[in-house]
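Me: I'd like to go through this model with you, one question at a time. Could you show it first?

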Amino acid sequence: MSAPVRPVLLVVAHGSRDPRHAATVHALVRRVRALRPDVRVETGFLDFNVPSVRGALESLETEGVRDVVALPLLLTRAFHAKADIPAVLAAAPSRLRIRQAEVLGPSPLLLSALERRLYEAGLTPADKSSTGVVLASAGSSDPEAIAVIADIAREWRLTGWCAVRPAFASASLPRTEDAVRRLRELGCARVAVAPYVLAPGFLPDRIARGAAGADVLADVLGPSPEVARVLLERYDAARVRRRVRVAVGA
């Protein structure tokens with residue numbers, strides 16, 4: 001008896017005019033495929049890049065695919081996860097059975113990825129107690145998303161950093177440069193900025209400009225192995241759920 005066919009994993013990315021964004025998404029997808037060659041992984045973009053989410057779903061339906069797990073490539077559950085993505089999935093071909101996975105964050109693996117990026121940028125574990133960290137997010141007008149970032153900062157502080165302060169590139173305050181200044185005022189010997197974003201683009205560039213007064217600026221999370229593992233965790237959790245048609249507002 002042959003093994004049951006696993007649902008196709010459709011990674012739903014935001015998209016950007018910045019070519020670095022799509023390149024990073026594709027690099028992450030390649031890492032996921034390498035980790036789990038038994039899973040078919042495809043990509044769709046909400047805007048700017050191709051294939052679109054709708055186009056990817058239509059292509060899968062044409063091929064005869066019936067089961068799809070749509071995974072938002074997002075770190076917080078804000079507007080895109082709550083409204084945009086469910087709306088696109090609800091308009092997909094009716095023969096597709098689609099489950100929307102949870103967003104990637106929060107996850108202990110993502111904290112591990114943040115720390116590894118900081119160490120790659122020049123810090124060492126011995127620097128933790130004297131280093132203040134700015135957890136720099138893209139930002140959101142969604143209170144739930146903002147609260148999650150604040151919770152992550154508090155949790156991360158408990159792992160031994162001098163201090164951890166959240167900052168946002170848009171929609172919310174404080175900005176990265178304000179958080180850097182606050183950590184200086186607290187007396188941290190050095191200040192590092194850790195972008196809590198997945199790929200380069202307009203808002204990560206704003207974070208980088210705000211980090212001008214910091215001692216260390218880490219890279220974006222990108223196609224790190226930890227992000228790939230979280231992505232597969234979310235896929236596995238979604239594929240065992242009861243198969244239901246995604247509805248707007250789900």
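What follows is a friendly exchange of questions and answers about this structure.

Me: Before we start, what kind of model is this, and which atoms do the side-chain values use?
Reply: This is a predicted model, in which local features need pLDDT of at least 70 and side-chain atom pairs count only at pLDDT 80 or more, while totals for chains, interfaces and linings use all residues. Residues are numbered from 1 along each chain as its sequence is written, and with hydrogens and water left out, side-chain values use heavy atoms.

Me: Thanks! In which order do the strands of the sheet with strand 1 run?
Reply: Helices (H or I, at least four residues) and strands (E, at least two) are DSSP runs, numbered from the N terminus. Two strands pair if DSSP finds at least two bridges between them. Strand 2 and strand 4 are the edges, each pairing on one side only. The sheet is open, has four strands with parallel pairing, and its order is 2-1-3-4.

Me: Which residue of strand 2 stands opposite V11?
Reply: Strand 1 (residues 8-13) is joined to strand 2 by five bridges in the parallel sense. Within that pairing, the residue facing V11 is T43.

Me: And on the strand 3 side, what is the bridge partner of V8?
Reply: Strand 1 also pairs with strand 3 (residues 67-72), again in the parallel sense and over five bridges. V8 has as its partner V68.

Me: Why is strand 2 called largely enclosed by the rest of the structure?
Reply: A residue is buried at under 20% relative accessible area, exposed at over 50% and partly exposed in between (1.4 Å probe, protein chains only). Strand 2 covers residues 41-45. It is largely enclosed because the buried residues number four of the five.

Me: How buried is V53, and what is its relative accessibility?
Reply: V53 is found in helix 2 (residues 53-63). Contact means heavy atoms within 4.5 Å, and beyond its neighbours within four places in sequence, V53 touches L10, V12, G44, F45, L46, V88 and L89. V53 counts as buried, with a relative accessibility of 2%.

Me: How far apart in space are L96 and D67?
Reply: L96 sits in the loop between helix 3 (79-90) and strand 4 (97-100). It is buried, with a relative accessible area of 1%. L96 and D67 are 29 residues apart in sequence, and their C-alpha to C-alpha separation is 6.0 Å.

Me: Now the other sheet: in which order do strands 5 to 8 run?
Reply: This open sheet has four strands and parallel pairing. Its edge strands, each pairing on one side only, are strand 6 (163-168) and strand 8 (216-217). The order is 6-5-7-8.

Me: Which residue in strand 8 does A192 face?
Reply: Strand 7 (residues 190-196) pairs with strand 8 in the parallel sense over two bridges. Opposite A192 stands V216.

Me: At what angle does helix 6 run to strand 6?
Reply: Axes are lines fitted to C-alpha atoms, for helices over the stretch in contact, and angles run from 0 to 180 degrees between N-to-C directions. Helix 6 (residues 176-186) lies across strand 5, strand 6 and strand 7. Its angle to strand 6 is about 160 degrees.

Me: How are helix 4 and helix 5 oriented to each other?
Reply: Angles under 35 degrees count as roughly parallel, over 145 as roughly antiparallel, 65 to 115 as roughly perpendicular and the rest as oblique. Helix 4 and helix 5 (residues 143-157) pack at about 65 degrees, with axes 11 Å apart. The contact is made by L111, L114, E115 and L118 of helix 4 with I152, E155 and W156 of helix 5. The two helices are therefore roughly perpendicular.

Me: And how is helix 4 oriented to helix 8?
Reply: The axes of helix 4 and helix 8 (residues 225-239) come within 8 Å and cross at roughly 170 degrees. That makes the pair roughly antiparallel.

Me: One last one: which residues does D127 contact beyond its neighbours within four places in sequence?
Reply: D127 lies in the loop between helix 4 and strand 5. At 17% relative accessibility, D127 counts as buried. Its contacts are G122 and R190.
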